[in-house]
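User: I should like to learn how to read helix packing and burial in a structural model. Could we work through an example together?

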Amino acid sequence: MMNKMQLLDKLKTVVENGDTEEIEKFLLSEEGEEIRRELEQIVSNIWEGVRKIVASLYKVFKENEELILSLIEEKKKD
């Protein structure tokens, strides 16, 4: 089994080649399994952060919807 730096170097090489089939093949391989799990966790964390940001923006919009829409209408008139 490769150490983490070797795996990252291998992933970097595969990604730099730009062949999406090769990237997928590597991530689905036994040697790429650990990297894949880590990438999945990173993506999951990012997605959760994005979801929270969108929820916060929606809440702020709903709390100020009338004001926001009136400002948009005023801007259209200008």
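Analyst: The discussion below takes up confidence, helix packing, the nonpolar core and accessibility in turn. Please note at the outset that this is a predicted model.

User: How should confidence be read here, and in which helix is it lowest?

Analyst: The mean pLDDT of the protein is 88, and 97% of the residues score at least 70. Confidence is lowest in α1, with a mean of 83, whereas helix α3 (residues 33-63) has the highest, at 93.

User: How does one describe the packing of two helices, and at what angle do the axes of α1 and α2 cross?

Analyst: The description of two packed helices rests on the angle between their axes and the distance between those axes. For α1 and α2, the axes come within 8 Å and cross at roughly 160°. An angle over 145 degrees counts as roughly antiparallel, and α1 and α2 are therefore roughly antiparallel to each other.

User: Which residues in α1 and α2 meet?

Analyst: From α1, Leu7, Lys10, Leu11, Val14 and Val15 take part; they meet Glu22, Ile23, Phe26 and Leu27 in α2. By class, the residues of this contact of α1 with α2 comprise seven nonpolar, no polar and two charged.

User: At what angle do α1 and α3 pack?

Analyst: The angle between α1 and α3 is about 80°, and their axes are 10 Å apart. Angles of 65 to 115 degrees count as roughly perpendicular, so α1 is roughly perpendicular to α3. In this contact, Lys4, Leu7, Leu8 and Leu11 of α1 meet Glu34, Ile35, Glu38 and Leu39 of α3. The contact of α1 with α3 has five nonpolar, no polar and three charged residues.

User: What is the general idea behind a nonpolar core, and which residues make up the largest nonpolar core here?

Analyst: In soluble globular proteins, nonpolar side chains tend to be buried together. In this model, the largest nonpolar core has six residues: Leu7, Leu11, Val14, Phe26, Leu27 and Ile35. The elements giving two or more residues to this core are α1 (4-17) and α2 (20-28). The most is given by α1, with three residues.

User: Which residues does Leu11 touch, leaving aside those up to four places away in sequence?

Analyst: With those excluded, Leu11 touches Phe26, Leu27, Ile35 and Leu39. Leu11 is also among the α1 residues that meet α2, and among those that meet α3.

User: How is accessibility interpreted, and what does Leu8 count as?

Analyst: Relative accessibility is read against two cut-offs: under 20% is buried, over 50% is exposed, and values in between are partly exposed. Leu8 lies in helix α1; because its relative accessibility is 37%, Leu8 counts as partly exposed. Lys62 has its place in helix α3 and, at 40% relative accessibility, also counts as partly exposed.

User: Where does Asp78 lie, and what does Asp78 count as?

Analyst: Asp78 is in the segment after α4 (65-77). Its relative accessibility is 78%, so Asp78 counts as exposed.

User: How can separation along the chain be set beside separation in space, and what distance separates the C-alpha atoms of Asp78 and Lys4?

Analyst: Asp78 and Lys4 are 74 residues apart along the chain, and their C-alpha atoms are separated by 58 Å. For Leu8 and Glu48, 40 residues apart along the chain, the C-alpha separation is 24 Å. Lys62 and Lys75 are 13 residues apart along the chain, with their C-alpha atoms separated by 20 Å.

Terms used. Residues are numbered from 1 along each chain as its sequence is written. Side-chain values use heavy atoms; hydrogens and water are left out. A nonpolar core is a set of buried Ala, Val, Leu, Ile, Met, Phe, Trp, Tyr and Cys residues joined through side-chain atoms within 4.5 Å. Buried means under 20% relative accessible area, exposed over 50%, partly exposed in between (1.4 Å probe, protein chains only). Helices (H or I, at least four residues) and strands (E, at least two) are DSSP runs, numbered from the N terminus. Contact means heavy atoms within 4.5 Å. Axes are lines fitted to C-alpha atoms, for helices over the stretch in contact, and angles run from 0 to 180 degrees between N-to-C directions. Angles under 35 degrees count as roughly parallel, over 145 as roughly antiparallel, 65 to 115 as roughly perpendicular and the rest as oblique. Ala, Val, Leu, Ile, Met, Phe, Trp, Tyr, Cys and Pro count as nonpolar, Asp, Glu, Lys and Arg as charged, and the others, Gly among them, as polar. pLDDT is the predictor's confidence in each residue, from 0 to 100.
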